[in-house]
Amino acid sequence: MTHSKEIFSAIAIALTFIGFLPYTVSILRGTVRPHVFSWIIWSVATMVVFFAQLDGKGGVGAWPTGLSGLVTILIAVLAHLKRGDTAITRWDWIFFVMALSSLPFWYYTEDPLWAVIILTVVDTLGFGPTIRRTYHHPHSESLMFYSLFTTRNLISIFALETYSVTTILFPAVVAATCLLFVVMAMIRRRSLAR
């Protein structure tokens, strides 16, 4: 059983690299313009969820989350350095402040489950600026990247050594949010092509 968990974890980690490598190259080339607010929120939330998953006995299934958190920090830095999206609206600030203001609550709960619940909400709010920008500029993001991360998060669930709300909630919600984001962007691309 443990051997299969390690295989699923390795696949999820490979998909992390497969997704992030071309995405990073696209940022450096200027063909993808990530929203810096989203990536800051995602990097903080993902790293804290990683530690909560470890505390919740997620085992090797938490490794893809930890790796993703580290790479997400890199993307946040690149988004800032490359000025990924300089059009920051009032709604972007609202999402940003709501997401970051809820982070201290996980600390006071002293419970990995509540940390994961709160950080899953934070991570979902982090999609706000990216959804807003992509709705208006549907070609500004890589749909392949978000499709890979839908798959990666689903596979990382199979890699978890313990199944509980603490270990499953975050990757399940991220997978669903990525999928909905891809569907929204595809619909917008088609509507603008007409």
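# Close-up views of a predicted helical chain

**View 1. Confidence along the chain.** In this predicted model, confidence in the protein chain peaks in helix 7 (residues 165–193), at a mean of 94. The lowest value falls in helix 4 (residues 90–109), with a mean pLDDT of 72. Averaged over the protein chain, pLDDT is 85. A score of at least 70 is reached by 93% of the residues.

**View 2. The largest nonpolar core and its helices.** This core holds 37 residues. Which members touch the most others? They are Phe20, Tyr23, Trp39, Phe145 and Tyr146. Six helices each supply at least two residues: helix 1 (2–29), helix 2, helix 3 (63–81), helix 5 (112–136), helix 6 (143–159) and helix 7. Helix 2 gives the most, with nine residues. In soluble globular proteins, nonpolar side chains tend to be buried together.

**View 3. Surroundings of tyrosine 23.** Tyrosine 23 is among the core members that touch the most others. Beyond its neighbours within four places in sequence, tyrosine 23 contacts Val32, Pro34, Trp39, Ile75, Glu141, Ser142, Phe145 and Tyr146. Three of these partners recur in the ring cluster of View 6: Trp39, Phe145 and Tyr146.

**View 4. Two tryptophans in helix 2.** The model contains 16 aromatic pairs. In one of them, tryptophan 39 and tryptophan 42 meet edge-to-face. Their ring centres are 4.9 Å apart, and the planes make an angle of 80°. Why are the two separated by about one helical turn? Because they are three residues apart in helix 2. Tryptophan 39 has 2% relative accessibility, so this residue counts as buried. Tryptophan 42 also counts as buried, because its relative accessibility is 6%.

**View 5. A ring pair between helix 2 and helix 6.** Tryptophan 39 also pairs with phenylalanine 145. This pair is tilted, with 50° between the planes and 5.9 Å centre to centre. Tryptophan 39 belongs to helix 2 and phenylalanine 145 to helix 6, so their pairing ties together parts 106 residues apart in sequence. Is this pair buried or exposed? Both residues are buried.

**View 6. The aromatic cluster.** Which residues do ring pairs link into a cluster? The members are Phe20, Tyr23, Trp39, Trp42, Phe127, Phe145, Tyr146, Phe149 and Phe181.

**View 7. A charge over a ring.** Arginine 188 places its charged end over the ring of tyrosine 135. The distance to the ring centre is 3.9 Å.

**View 8. Glutamine 53, a buried polar residue.** Glutamine 53 sits in helix 2 (residues 36–55). With 0% relative accessibility, glutamine 53 is classed as buried, because the cut-off for that term is under 20%. What does its side chain join through a polar contact? The partner is the side chain of threonine 65, at 2.9 Å. Threonine 65 also appears in the wider contact list of glutamine 53. Setting aside neighbours within four places in sequence, that list reads Gly58, Ala62, Thr65, Thr166, Thr167 and Pro171.

**View 9. Serine 26 in helix 1.** Serine 26 is part of helix 1. Its relative accessibility is 19%, so serine 26 counts as buried under the 20% limit. Apart from neighbours within four places in sequence, serine 26 is in contact with Thr31 and Val32. Where does phenylalanine 51 lie relative to serine 26? The two are 25 residues apart in sequence and 30 Å apart in space, C-alpha to C-alpha.

Technical notes. Residues numbered from 1 in each chain as written. Heavy atoms only, no water. pLDDT = per-residue confidence, 0-100. Helix = DSSP H or I, 4+ residues; strand = E, 2+ residues; numbered from the N terminus. Buried < 20%, exposed > 50% of the residue type's maximum accessible area, 1.4 Å probe, protein only. Polar contact = N/O pair within 3.5 Å; in protein donor to acceptor, adjacent residues only side chain to side chain. Contact = heavy atoms within 4.5 Å. Core = buried A, V, L, I, M, F, W, Y, C linked by side-chain atoms within 4.5 Å. Phe/Tyr/Trp six-rings, centres within 6.5 Å; stacked < 30°, edge-to-face > 60°. Lys NZ or Arg CZ within 6 Å of the ring centre and 35° of its normal.
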